Amino acid sequence: MPGRDQELGSYYVGVDVGTGSVRAALVDQRGILLAFADQPINQWEPQFNHHEQSSEDIWVACCIVTKKVVQGIDLNQIRGLGFDATCSLVVLDKQFHPLPVNHEGDSHRNIIMWLDHRAVNQVHRINETKHSVLQYVGGVMSVEMQAPKLLWLKENLRETCWDKAGHFFDLPDFLSWKATGVTARSLCSLVCKWTYSAEKGWDDSFWKMVGLEDLVADNYSKIGNQVLPPGTSLGNGLTPEAAKDLGLPAGIAVAASLIDAHAGGLGVIGADVRGHGLACEGQPVTSRLAIICGTSSCHMGISKNPIFVPGVWGPYFSAMVPGFWLNEGGQSVTGKLIDHMVQGHAAFPELQAKATARCQSIYAYLNSHLDLIKKTQPVGFLTVDLHVWPDFHGNRSPLADLTLKGMVTGLKLSQDLDDLAILYLATVQAIAFGTRLIIEAMESAGHSISTLFLCGGLGKNPLFVQMHADITGMPVVLSQEVESVLVGAAILGACASGDFASVQDKLSALTAVIYPQGGNGKNEQSWESCVS
């Protein structure tokens, strides 16, 4: 890239492992993304609600993208490396070799993905205990968390997996171990998905009550007995072996990791909004809600004191921003739901053909098609008779009911492109109403939210952004740097390097300018012009 090897001082590498791909970025001290690469990763669904991946496959993809983003620069200027990833469960034996998480005995598939819902029976039994740790996950544990998945492995794969297991990692922590050889876990992962308390540590009574007492042995060595805040430098940095794999210098600082949504929140929530007339200008960062929207959506709000929100995860101390309590709402499928609704419609082949002919994505074409058919009325009124209930994969927040199903009401016999476009619009609106429901629950419990900060793949869709502004009645802020999750990962590397004193320090230095979006449909400017 022209000019990227100018003397800008230090560089940081961020690596993000999402649901369908691994991405990497090279970021400079100003928070500007200088190079980007991505690589798809494999997924398996051997049966309904079982979703698996391979840690070896993911590491190979990490190596490919990292080597790409550092091509042509002076490697001596790279100061730090940070990882974020989905909160999937990685299983290794005592020698750190993969173990199968499936009935087929395929050890290559050694990851239970975050969206896997196989442990429904187990999570019901865990919730029936009403153990005190559940108050920190909104009162009801999700099937997507790690305890029910661990219990499922013990009860279903005792001989092939459970009895041989030496290490259970959250995927972000697996990556930092792979890079450094240090088995320390990130406070983010353990607090948010494993019932660890930043103040009290592990609760022996919980694990014994749910039938996982064997994890208590040897001071919790299998699931983590050294816990570090995100951004903490690990061991002696990048090992020679990992350095060769990644194409980076041995010994550079590697940070304790973050869950991907939390990296996105970190990368966007501190944005400089001065001069835009937003309600959050001059207000505490606690007035901001970061929404990380991709395959699923996560709603990150922070507070100085703990706030307990029924059906919303947390409060988690220092899980994203040090010194603040985090509440995390979420929708189990958003991007995946939109894809499902659009791709399952009879007019989808016609949509594909027309979008290809125009060299557009299918969603850019749908958005322009909605503009054509709305005529003089606001686009939202096209769905006056069509409504979607979006809980096709259960409800994560605030109803916390994994048994809920999706619904569409107002269907007609029509199956043309207009019909598909309006169904797409109704799905996007349903997701935005889900966000509104989460915000209302958080505010009823004590949060005071005035502005939404969006990042992730769906944040690039103007219809998705505008519907969130219209339906919540709040302005939406987008970072100039659209890859906020990768910026968040790079922030970790910068902190680990010692170039910045703290994560908060780095937030103000790395987060770029923002583009506010109007709420209530008042902003009629071209969204595309803002991000081009």
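Which residues touch the most other members of the largest nonpolar core? In this predicted model, they are V91, M141, L150, L153, F168, W207 and Y316, out of 78 residues in that core. Helix α15 (residues 484–497) is the top contributor, giving six residues. Domain 1 (6–254) and domain 2 (261–332 + 436–514) both give residues to this core, so it lies between them.

Let's zoom in on Y316. Leaving aside residues up to four places away in sequence, Y316 touches Y136, V137, M145, V191, C192, F324, W325, L326 and E328. There's also another core, set apart from the largest one, with 54 residues, including L366, L382, A441 and M442.

Now for the charged side chains. Side chains of opposite charge can pair when their charged atoms come close. The salt bridge count here comes to 19, and three of the pairs look like this:

| Salt bridge | Closest N to O distance |
|---|---|
| R23 and D16 | 3.0 Å |
| E213 and K154 | 3.4 Å |
| D371 and K374 | 3.9 Å |

Take R23 and D16 to begin with: both partners are buried.

The salt bridge between E213 and K154 ties together distant parts of the chain, 59 residues apart. E213 sits in the loop between α6 (204–209) and α7 (217–220), while K154 belongs to helix α3 (residues 146–156). Is each partner buried or partly exposed? E213 is partly exposed, because its relative accessible area is 39%. K154, at 12%, is buried.

D371 and K374 are a local affair: they're three residues apart in helix α12 (residues 362–374), so about one helical turn separates them. An α-helix has 3.6 residues a turn, so residues three or four places apart point the same way. D371 is partly exposed at 47% relative accessible area, and K374 is partly exposed too, at 23%.

Some charged residues go beyond simple pairs. E52, E104, D106, R109, D116 and R118 are joined up in a network of salt bridges.

Finally, a look at helix α1 (residues 55–69). From first C-alpha to last, its 15 residues reach 21 Å, close to the 21 Å expected at 1.5 Å a residue. What caps its N-terminal end? That's S54, with a side-chain oxygen 3.3 Å from the backbone nitrogen of E56. As for burial within α1, the buried residues are S55, D57, I58, W59, A61, C62, C63, V65, T66 and V69.

Notes:
Residues numbered from 1 in each chain as written. Predicted model: local features only at pLDDT ≥ 70, side-chain atom pairs only at ≥ 80, totals over all residues. Heavy atoms only, no water. Salt bridge = Lys/Arg side-chain N within 4 Å of Asp/Glu carboxyl O. Buried < 20%, exposed > 50% of the residue type's maximum accessible area, 1.4 Å probe, protein only. Helix = DSSP H or I, 4+ residues; strand = E, 2+ residues; numbered from the N terminus. Expected span 1.5 Å × (residues − 1). Polar contact = N/O pair within 3.5 Å; in protein donor to acceptor, adjacent residues only side chain to side chain. Core = buried A, V, L, I, M, F, W, Y, C linked by side-chain atoms within 4.5 Å. Domains from an automatic or database assignment. Contact = heavy atoms within 4.5 Å.
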